[in-house]
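Here are some exercises with worked solutions, to be done with the model open beside you. Try each task before you read on.

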Amino acid sequence: MRAFAVNPANGQAGLEVIEEPGPPSGGQLLLRTLEVGVCGTDREIAGQHYGTPPPGEDRLVIGHEALAEVIDVGPDVRDLQIGDLVVPSVRRPCPHASCSACQAGRQDFCYTGDFTERGIKELNGFMAERIVEDQRYLTPVPAQLRDVGVLVEPLTIAEKALAQIWQVQQRLPWACSIHGEGLPAQGCTALVLGAGPVGILGAMALVESGFHTFVYSREPEGGPRSQLIESFGGVYVSAESVTVDQLPARLNGIDVVYEATGASKLSFDVLAQLGVNGVFVFTGVPGRKHLAEIEAGTLMRNLVLKNQVLFGTVNADAQAFVSAVQRLERMVERWPNVVQLLIAKRWPLDDTARLLSDPPPGVKHVVTLAG
Ligand code: BGC
């Protein structure tokens with residue numbers, strides 16, 4: 001069968017014919033891969049900045065944003081059947097009994113760093129015609145989401161972030177209606193940094209949670225990204241017309257910042273503008289050695305005097321996958337055309353190399369492996 005693999009050491013990438021996976025045993029399922037989204041992490045692997053092949057191999061089958069169909073089930077599989085649609089998660093637990101996070105099924109919080117990730121770190125990914133996966137790592141997707149289910153994995157980043165925002169803001173029971181009536185974030189303002197797929201999906205999740213949501217990015221106002229953002233009730237703010245210092249006045253205060261750029265200097269500049277009792281969430285992964293001048297005194301002073309919380313978040317847990325599927329259903333109901341528009345184009349597997357080296361414009365590009 002066909003697969004797309006990258007040698008992360010030298011950047012060589014291309015289609016390969018690899019062995020068919022064996023029949024599923026125990027709690028495993030054999031899946032027919034329908035679609036795989038391409039993201040910045042895949043480009044970093046192809047650009048030799050990230051990614052590790054399975055032990056003893058030099059090539060890694062990439063792909064970690066997948067939608068697949070069950071074509072065979074092992075004898076111990078419960079709750080899933082042939083024909084069901086599923087989205088696999090990315091991270092698998094480390095082998096250490098001492099890692100309480102992995103032992104608890106929360107490998108997204110792995111302590112040791114010895115976790116593996118499909119399509120990223122030491123495990124082949126989903127850019128292959130057929131894959132085998134254990135039922136523990138699959139989330140069912142309703143058939144109505146066939147067209148957009150490939151967006152579930154990138155949406156889980158926002159789901160895990162939101163779950164943590166609610167945990168943190170339980171310290172403000174008068175401000176969060178999480179346990180009460182109405183949308184949890186009513187009356188709160190969120191600022192998303194970056195208008196890529198993670199930023200836009202994050203902004204949609206924030207709007208859907210009741211935040212008055214602004215997206216700050218470089219493109220001028222009135223362009224396609226800004227129109228897209230306005231079409232789901234977000235407000236686009238261009239860095240060309242509003243400086244970082246002007247953001248609090250323009251937004252009338254900032255309760256949450258959802259960073260989705262990986263731009264370290266910009267992020268710390270915006271951190272200085274975060275409001276009282278605010279939360280700043282980092283999701284982007286910048287290059288390692290990036291020196292930038294920051295106002296450390298102001299930042300530290302604000303963190304203390306304004307009760308601010310700053311956290312980073314990576315990957316996602318099983319509950320975040322379930323929440324992402326439910327959120328996507330609500331998003332499709334509320335903004336059917338917008339969700340479709342997020343997928344700029346579908347490409348055959350043969351075009352994957354081009355998507356990595358020369359990404360076309362548009363929010364999300366998807367490789368179709370089966371009709
Ligand atoms: C994936 C995460 C993964 C992270 C780091 C992201 O692109 O969505 O699941 O943990 O890369 O490897």
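**Exercise 1. Two helices and their faces**

Start just past α5: find the glycine there and say what sign its phi takes.

Step 1. Just after α5, Gly 233 has a positive phi of about 90°. Helices here are DSSP runs of H or I with at least four residues, strands are runs of E with at least two, and both are numbered from the N terminus.

Step 2. Before going on, some ground rules: this is a predicted model, where local features need pLDDT of at least 70, side-chain atom pairs count only at pLDDT 80 or more, and totals for chains, interfaces and linings use all residues. Residues are numbered from 1 along each chain as its sequence is written, and side-chain values use heavy atoms, with hydrogens and water left out.

Step 3. Now α5 itself, residues 224-231: its buried residues are Ser 226, Leu 228 and Ile 229. Buried means under 20% relative accessible area, exposed over 50%, and partly exposed in between, using a 1.4 Å probe and protein chains only.

Step 4. Those three cover an arc of only 160° around the axis, which puts them on the same side of α5. The arc is taken from the directions from the helix axis to the C-beta atoms. Pro 224 and Gln 227 are exposed, on the face turned away from the buried side of α5.

Step 5. What do the buried residues of α5 pack against? They meet α4, β13, β14 (235-238) and α10 (336-342), with contact meaning heavy atoms within 4.5 Å.

Step 6. Repeat for α7 (264-271), where Ser 264, Ser 267, Val 270 and Leu 271 are buried. They fall within an arc of 130° seen down the axis of α7, so they line one face of the helix. Their packing partners are β12 (189-193), α6 (247-251), β15 (256-259), β16 (279-282), α8 (296-305) and β17 (309-312).

**Exercise 2. Two buried polar side chains**

Work out what the side chains of Thr 283 and Arg 91 reach.

Step 1. Thr 283 sits in the loop between β16 and α8. With a relative accessible area of 14%, Thr 283 is buried.

Step 2. Its side chain reaches the backbone oxygen of Glu 259 at 2.7 Å. A polar contact is a pair of N or O atoms within 3.5 Å; within protein, one must be able to donate a hydrogen and the other to accept it, and residues adjacent in sequence count only if both atoms are side-chain atoms.

Step 3. Setting aside neighbours within four places in sequence, Thr 283 touches Ile 157, Val 198, Tyr 258, Glu 259, Ala 260 and Thr 313.

Step 4. Arg 91 belongs to strand β7 (91-92), and Arg 91 is buried at 6% relative accessible area. A polar atom of its side chain lies 3.1 Å from the backbone oxygen of Gln 107, while a 2.9 Å polar contact joins the side chains of Arg 91 and Glu 117.

**Exercise 3. Pocket and cavity**

Find which residues lie closest to the centre of the largest pocket, then which ones line the largest cavity.

Step 1. The largest pocket has a volume of about 1,500 Å³. Of its 45 lining residues, Gly 40, Thr 41, Val 198, Ala 260 and Thr 261 are closest to the centre.

Step 2. On a 1 Å grid over the protein atoms alone, a cavity is a set of points where a 1.4 Å probe fits but cannot get out; a pocket is an open set with protein on both sides within 12 Å along at least five of seven lines; lining residues have an atom within 4 Å of a point. Grid points are joined across faces, edges and corners, and a volume is the space filled by probe spheres set on the points.

Step 3. α1 gives the most to the pocket lining, with four residues.

Step 4. The search of the whole structure finds one cavity of 30 Å³ or more. The largest cavity has a volume of about 40 Å³, and its lining is Ala 158, Ala 161, Leu 162, Ile 165, Gly 202, Ala 205, Leu 206 and Tyr 258. Here α3 gives the most, with four residues.
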